[in-house]
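Trainee: I'd like a close look at one part of this protein, taken slowly. Could you walk me through it once I have the model up?

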Amino acid sequence: MPELEINMDALAHNLRLVQRQEQAWGFRFLPVLKMVASHPDIVDFLRTQGYACYGIADMTEHLLYGPEPPDRTGRILINLAPPDRADDVVRLFERSSFSCEATFRALDAAARAAGLRHEALLMVDIGDMREGIPLDEAPALLRAVAAASQRASHGPGAHVAGIGVNLGCLYGTCPDDENMARLEALAARAGDLLGHALHRVSLGGSIFWNWFARRHGHGPHWPPGCIMEFRMGDPLLLGRDMYREEALLAGDFRQDIFRLSATVLEVTERDIHPPRHSVHNGRGMPADCPDLGKRLRALVDCGSLHTDVRGLSLARPDWRISDFSGNYAILDMSGSPQVPVPGEHIHFIPSYWAVARTCRMPHIRKTLIHDILPGRSLPDSRPTAPHQGTVSLSEVS
C-alpha cells in the first residue's frame, strides 16, 4: 500500500508567501482544499494560522475522514449547490453558489425553514464556459432575487453575499483586460440591482495569481467595502501555476509539499514480447507492450486504485514508469547502475490529480513530515508522536 507524505514546513512556507501578498495586493484568501479532500489536519493547521473558512468542492468531501462536524462553521461550498439538496446545503455550509433563480429560491426556503442565514454567491460566466449564468443575464437574476436577499439581511434566508467567477478549469481561459472590465462593470451595478451593498467578488482558479502578479497586484476597481477574494488552492498546496506550466510569481513557492512512496515487491528481468492471443487488459484498454526485449523491471505496490499513476514522476532519470494496473506500477530500470531490492521504498513526485485521488482513499496512510529547515518550522496543529520527524495522520486524527 503506498503512503502519501505531506511536508508541513513546505506548506507553512507557501502560506507565509500567500499572507504577504494578501497584504500587498489587498485580497482575502479562501483556501480551496479540493486537492487534499479537506483533510482535517490541513484544516486544523490553517485554523491555527487564522483561516477559519475553507472551500469544499463536493458536498460530502469533508466526511471522508470522519463523522459529520457538529456545525457548519468555516465550510464554504464552492461548487454550485444542488437544489434538491438545499436543506443539506444550508445545514452543512455557511455559503454556497448558485447560477439560476430556482436554486436560490430553494436555498432561501431551506434557510428560512431552518432559521438560518445562508450566504449565496452568484456565479457568473466571464469566458471559461463551465458554470455560471452568462454575464449579460446576471442583472436580471440579481433583480429577481433582490427582495429575498434584502429580507435575509435581517433574518433567516438566503442572502446574496457577492458574485463569483471561475477561469481556467475547463478551457484554460485567462483573465484579461476585457473580461475583467466586464466583471468590474457588473460589480459596480450589483448593489443597485440588489438593493444592498455587494460584499465580495470571488475570483476562482489559481490562473488569477500570475495575472495579478504581473500587474503588481493591480486589477479592477470594486465598489467601496467590497472584498476581493482569491478562491484557490495551488499557491498553498501545489506551489506552481499548472495552467501555464510555470512558476508562481511573487515568491519562491515550494513545490515539494507532497511525496508518494511505494514498496518494491519484486525485481525481475523479463523477455517482453507481444502475447500470442490477447484481449483488452484489466483497465479495459487494448493490450500493448511498450518495451520489447529483455528489460529489468521492478513491481511496486501502487496502482490506479491508489492514485493517478500517469501523474507520478521519478526524480531519477534512469528509472521510469512503463506500465501499471489496478494494484501495481511497473518501473523499467534497464541500464540503470542502481537497482532497488524487494522491500525498498520508491519515492514519486505526484501531480495535482495524483494527490487528489490518493487523498480520497481514506485507507491509504498519510504522514506529516517536517524538513526542519531554518526559518521554515511552524508548530504542529496537533500533538506529534515520536516517529523520528514523522507522524501518521491516522494516529493523530
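Which residues do ring pairs link into a cluster?

Mentor: Keep in mind as we go that this is a predicted model. The cluster joined by ring pairs is made up of W25, F27, W209, W211, F212, F230 and F253. For the wider setting, searching the whole structure turns up 12 aromatic pairs.

Let's zoom in on one of those pairs, W209 with F253. Their ring centres sit 5.7 Å apart and the planes are at 90°; planes over 60 degrees apart count as edge-to-face, so that is what we call this pair. The two partners come from distant parts of the chain, 44 residues apart. W209 belongs to helix 7 (residues 207-214), while F253 is in the loop between strand 12 (246-247) and strand 13 (258-272). Now check how much of each is accessible. Buried means under 20% relative accessible area, so W209, at 0%, is buried. F253 comes out at 9%, so F253 is buried by that cut-off as well.

Another ring pair makes a handy companion to that one: Y352 and W353. Here the centres are 4.7 Å apart and the planes are at 70°, so this pair is edge-to-face too. The accessibility tells another story, though. Y352 is buried, with a relative accessible area of 7%, whereas W353 has 51% relative accessibility and therefore counts as exposed, the cut-off being over 50%.

Back to the cluster for a moment, because W25 gives us a way into the helices: W25 is one of the linked residues, and helix 1 covers residues 8-25. The axis of helix 1 comes within 12 Å of the axis of helix 2 (residues 40-48), and the two cross at roughly 40°. That angle makes helix 1 oblique to helix 2. The crossing of helix 1 past helix 2 is right-handed. On the helix 1 side, the contact is made by M8, L11, A12 and L15, and they meet I42, F45 and L46 of helix 2. Sort the residues of that contact by type and you get 7 nonpolar, no polar and no charged.

One last stop, if you want to pan over to helix 4 (residues 101-114): find A106 there. Leaving aside residues up to four places away in sequence, A106 touches P83 and A86. You can also check A106 against D84: they are 22 residues apart in sequence, and their C-alpha atoms are 7.8 Å apart in space.

Notes
Residues numbered from 1 in each chain as written. Predicted model: local features only at pLDDT ≥ 70, side-chain atom pairs only at ≥ 80, totals over all residues. Heavy atoms only, no water. Helix = DSSP H or I, 4+ residues; strand = E, 2+ residues; numbered from the N terminus. Contact = heavy atoms within 4.5 Å. Axes fitted to C-alpha atoms, helices over the stretch in contact; angles between N-to-C directions. Parallel < 35°, antiparallel > 145°, perpendicular 65-115°, else oblique. Left-handed = near helix turned anticlockwise from the far one by under 90°. Nonpolar A, V, L, I, M, F, W, Y, C, P; charged D, E, K, R; others polar. Phe/Tyr/Trp six-rings, centres within 6.5 Å; stacked < 30°, edge-to-face > 60°. Buried < 20%, exposed > 50% of the residue type's maximum accessible area, 1.4 Å probe, protein only.
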